[in-house]
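Hi everyone, thanks for making time. I'd like to walk you through one structure, beginning with its aromatic rings and ending with its pocket.

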Amino acid sequence: MGETEEIFTCTMCGKCCQGFGGTLVSEEDIRALAAFVDVAPEAFRRDFCAVSGLGVVLAQKPDGYCVFYTDRCSVHPVKPAMCRKWPFIEAVVRHPENWAVMASACPGMKADSPVEKVRQVVAAELSSSRP
């Protein structure tokens, strides 16, 4: 078992596709997603995005799920960077105690992982995913 699997194994449950304030999307994400769903980036922004305090996010359906989630992610091959990184996010490096809180909504996250192990693995994952 690798270090990542010691604290997280994705169960493909879709819980990360619901709530949490939306999925931030970059211009690169928007271009890739727009091409995948075969619309112009401007139309994609208008039809599939919303603006939040942090920037542009994917719209959510009334049930709180991402507009692209049905029984699974319909844009998985080009999912946004934020989705690819989950749950290895910068905020966990700064506040690893949040891991247990996040794990209450994600069955793949091991809530009882030691704080220092969480910080170490998340930091390593983030550094390996940077260009």
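So, the ring count comes to six aromatic pairs. Please keep in mind that this is a predicted model.

Let's take phenylalanine 44 and phenylalanine 48, which make a tilted pair, 5.2 Å centre to centre with 40 degrees between the planes. Both sit in helix α3, residues 41–48, and they are four residues apart, about one turn of the helix. Is each of them buried or partly exposed? Phenylalanine 44 counts as buried because its relative accessibility is 0%, and the cut-off for buried is under 20%. Phenylalanine 48, at 21% relative accessibility, counts as partly exposed.

Phenylalanine 48 also pairs with phenylalanine 68, again tilted, at 5.1 Å centre to centre and 35 degrees between the planes. This pair links distant parts of the chain: phenylalanine 48 belongs to helix α3, while phenylalanine 68 is in the loop between β2 and α4, 20 residues apart. Phenylalanine 68 is buried, with a relative accessible area of 7%.

Elsewhere, ring pairs join Phe8, Phe88 and Trp99 into a cluster.

Now for the pocket. The largest one has a volume of about 1,100 Å³. Its lining has 48 residues, and the closest to the centre are Cys16, Met82, Cys83, Arg84 and Trp86. Which element gives the most to that lining? That would be α4, with five residues. β2 (55–58) and α7 (115–129) are also among the elements that supply at least two each. By residue type, the lining divides into 28 nonpolar, 12 polar and eight charged.

Thanks, and I'm happy to chat about any of this.

Notes: Residues numbered from 1 in each chain as written. Predicted model: local features only at pLDDT ≥ 70, side-chain atom pairs only at ≥ 80, totals over all residues. Heavy atoms only, no water. 1 Å grid on protein atoms, 1.4 Å probe; cavity = no way out; pocket = protein on both sides within 12 Å on 5 of 7 lines; lining within 4 Å. Points joined across faces, edges and corners; volume = space filled by probe spheres on them. Nonpolar A, V, L, I, M, F, W, Y, C, P; charged D, E, K, R; others polar. Phe/Tyr/Trp six-rings, centres within 6.5 Å; stacked < 30°, edge-to-face > 60°. Buried < 20%, exposed > 50% of the residue type's maximum accessible area, 1.4 Å probe, protein only.
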